[in-house]
Amino acid sequence: MRHVEERPYASAEAAARKLVELASSIEPVQDGRIHIEKINAPFLYTLKGSGAEFGAGIEYAVEKGWLELHESGTYVRISRARSPS
C-alpha cells in the first residue's frame with residue numbers, strides 16, 4: 001500500500017501566498033522587478049513544490065492583484081496596493 005503525503009501547496013491560494021512571501025524577501029533589481037527564477041527555484045527545489053503548483057500560484061496571485069507578471073514571463077513585481085493578509 002502506498003501512502004500519499006499531503007502537499008502544502010496543492011491549494012492555489014497557499015502557493016500564491018508562499019510565492020508572494022518569497023518575492024517579498026528578494027531585493028528587486030530595477031523598477032521593482034524580481035526575476036521569476038528567484039522565486040521559482042526556491043519554490044521548486046527548497047520547498048518541494050511542483051511546477052503545476054507554481055503555475056497555479058502565480059496565476060492566483062496575479063488574479064488577486066498581489067503580483068504583476070510581465071507579459072514575457074521573465075519577472076514579477078509585487079503590487080503594493082493589495083497584498084495577502
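A salt bridge is a side-chain nitrogen of Lys or Arg within 4 Å of a carboxyl oxygen of Asp or Glu. Keep that cut-off in mind as we walk through this structure, which is a predicted model. A search of the whole structure turns up four salt bridges, and we will visit some of them here.

Let's start in helix H1, which covers residues 12-24. Here the side chains of Arg17 and Glu13 come together, with 2.9 Å from N to O. Because that distance falls within 4 Å, the pair counts as a salt bridge. Why can these two side chains be partners along the helix? Arg17 and Glu13 are four residues apart in H1, so about one helical turn separates them. Now look at how much of each residue can be reached from outside. Arg17 is partly exposed, with a relative accessible area of 28%, and Glu13 is partly exposed too, at 31%.

Stay in H1 for another pair. Glu21 and Lys18 form a salt bridge of 3.1 Å, again from N to O. These two residues are three apart in the helix, about one turn. Is Lys18 buried or exposed? Lys18 has a relative accessible area of 19%, and because buried means under 20%, Lys18 counts as buried.

Lys18 has company on the buried list of H1: Ala15, Ala16, Leu19, Val20, Leu22 and Ala23 are buried as well. What do the buried residues of H1 pack against? Their partners are strand E1, helix H2 (36-46), helix H3 (51-64), strand E2 (67-69) and strand E3.

Before leaving this helix, take a look at its start and its length. At the start of H1, a side-chain oxygen of Ser11 reaches to within 3.2 Å of the backbone nitrogen of Glu13, the residue whose side chain meets Arg17. As for length, the 13 residues of H1 should span 18 Å at 1.5 Å a residue. The C-alpha atoms at its ends are 18 Å apart, so the model agrees with the expected span.

Our last stop takes us beyond H1. The side chains of Arg77 and Asp31 meet in a salt bridge of 3.7 Å, N to O. Arg77 lies in strand E3 (residues 75-78), while Asp31 sits in the loop between H1 and strand E1 (34-35), so this pair ties together parts that are 46 residues apart in sequence. Arg77 is partly exposed, with a relative accessible area of 24%, whereas Asp31 is exposed, at 58%.

Terms used
Residues are numbered from 1 along each chain as its sequence is written. This is a predicted model: local features need pLDDT of at least 70, side-chain atom pairs count only at pLDDT 80 or more; totals for chains, interfaces and linings use all residues. Side-chain values use heavy atoms; hydrogens and water are left out. Buried means under 20% relative accessible area, exposed over 50%, partly exposed in between (1.4 Å probe, protein chains only). The expected span of a helix is 1.5 Å times one less than its number of residues. Contact means heavy atoms within 4.5 Å. A polar contact is a pair of N or O atoms within 3.5 Å; within protein, one must be able to donate a hydrogen and the other to accept it, and residues adjacent in sequence count only if both atoms are side-chain atoms.
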